[in-house]
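Colleague: I should like to go through this structure with you. Please show me the sequence and the model before we begin.

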Amino acid sequence: MTTAPPPYDPANPLVVLGAGVMGVGITTLALGHGLPVHLVDVDPERLTRARDRIAEELRLAHLLGALPPDTAPGELTTGTGTDPAAGAAAVIEAITENAELKAKVLAEVSALVRPGTPLITNTSSIPVDELAGAVERPAELVGTHFMNPPYLIRTAEVIRGRRTGDPVMASVASLLAALRREAVVVRDAPGFVTSRILHPMINDAARVVEQGTATAEAVDTLMQGCLGHPTGPLRTADLIGLDNLVDSLWVLHERTGDEGCRPCELLLRLVREGRHGRKSGSGFYDYH
Ligand code: NAD
């Protein structure tokens, strides 16, 4: 006889793996909705910086009216080990966009969690089914592609892998409802919907700058003013992080063979120079 999986239980902490741009944003979203979070990173300095950034982002999100005003923030704990996954309500993996690394970490965590605990990957581009090969119970792995910043963008792409089961889909729907996000469920493929469309488009925008047709400002102003893009693709690229964008483009290129996904020279140069966008202080724009 099989036992029913536990429903998503908000009394137990959400374990978030990776304290970078997205780990910080997802943690802010969850704390702001009153959920306790345990945030994990291999780099203790990142965890220290993340605490300050989360406090700032919580303040900013409240000022923008993006979080429920009467909800007391959930408790934040941090650490470098994955052991707390054993008592997690759900685990959200938001580490570097590298398939081997993600597979290794997901395999480790899947051996720790209680059966029935949703294992959620926030990958931008790696097919969920590819990562499912590494975990103990592939039916419990699902993709939830939060956008940056997760507390401002209310829609989240949910990726159902070939082996993802109904119980985990129901648990994730309940988690996203607790976070007041609107889920759009799509099928699995490299880059799913949003990255498959957005990332090559940003690559093209960077190529236009590389070829000297226009400045980054001109590209963004035209895309905003003429085509209704909210910020312009190159400001979006700086917000995503150019290193992450290049990793995602390589994932897309390797898995689709689409030459439009080969990162252009300008993107590669900016990453080599450490100009990773907002998080490093400069990218297409300067943030100092
Ligand atoms: P990031 O580079 O800002 O942060 C990644 C973090 O993962 C770093 O702090 C790093 O120290 C940590 N890390 C690496 N290996 C680890 C391990 N083994 N255990 C724990 N932590 C580890 O990256 P990001 O922009 O936050 O992206 C994270 C994930 O979210 C990626 O898969 C990315 O493609 C995806 N994503 C990013 C965005 C975005 O706008 N940046 C949007 C949607 C999805």
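Modeller: Helix 3 gives the largest share of the shell around the ligand, 3 residues. The model is predicted, and local features need pLDDT of at least 70, side-chain atom pairs count only at pLDDT 80 or more, and totals for chains, interfaces and linings use all residues. Residues are numbered from 1 along each chain as its sequence is written, and side-chain values use heavy atoms, with hydrogens and water left out.

Colleague: What makes a residue near the ligand?

Modeller: One of its heavy atoms must lie within 4 Å of the molecule. The ligand is surrounded by 24 residues, and the closest are D41, E97, K102, S124 and I240.

Colleague: Which elements give two or more residues to the shell around the ligand?

Modeller: They are helix 1 (21-32) and helix 3 (99-110). Helices (H or I, at least four residues) and strands (E, at least two) are DSSP runs, numbered from the N terminus.

Colleague: Why is the pair formed by N244 and the ligand called a polar contact?

Modeller: A polar contact is a pair of N or O atoms within 3.5 Å; within protein, one must be able to donate a hydrogen and the other to accept it, and residues adjacent in sequence count only if both atoms are side-chain atoms. A polar side-chain atom of N244 is 2.9 Å from an oxygen atom of the ligand, so the pair qualifies. An oxygen atom of the ligand also lies 3.0 Å from a polar backbone atom of V21, and a polar backbone atom of I95 is 3.2 Å from an oxygen atom of the ligand.

Colleague: How much of the ligand does the protein bury?

Modeller: The ligand taken alone exposes 830 Å², and 91% of that is buried by the protein. Accessible areas come from the Shrake-Rupley method with a 1.4 Å probe; for residues, only the protein chains shown count as cover.

Colleague: Which domains supply the shell around the ligand?

Modeller: Domain 1 (14-187) and domain 2 (196-279) each give at least three residues; their bounds come from an automatic or database domain assignment.

Colleague: How many residues are in contact between domain 1 and domain 2?

Modeller: Contact means heavy atoms within 4.5 Å; 11 residues of domain 1 meet that with 10 residues of domain 2.

Colleague: What makes the peptide bond from N148 to P149 notable?

Modeller: Most peptide bonds are trans. The bond from N148 to P149 is cis, with omega near -5°, and P149 lies in the loop between strand 6 (141-145) and strand 7 (155-160).
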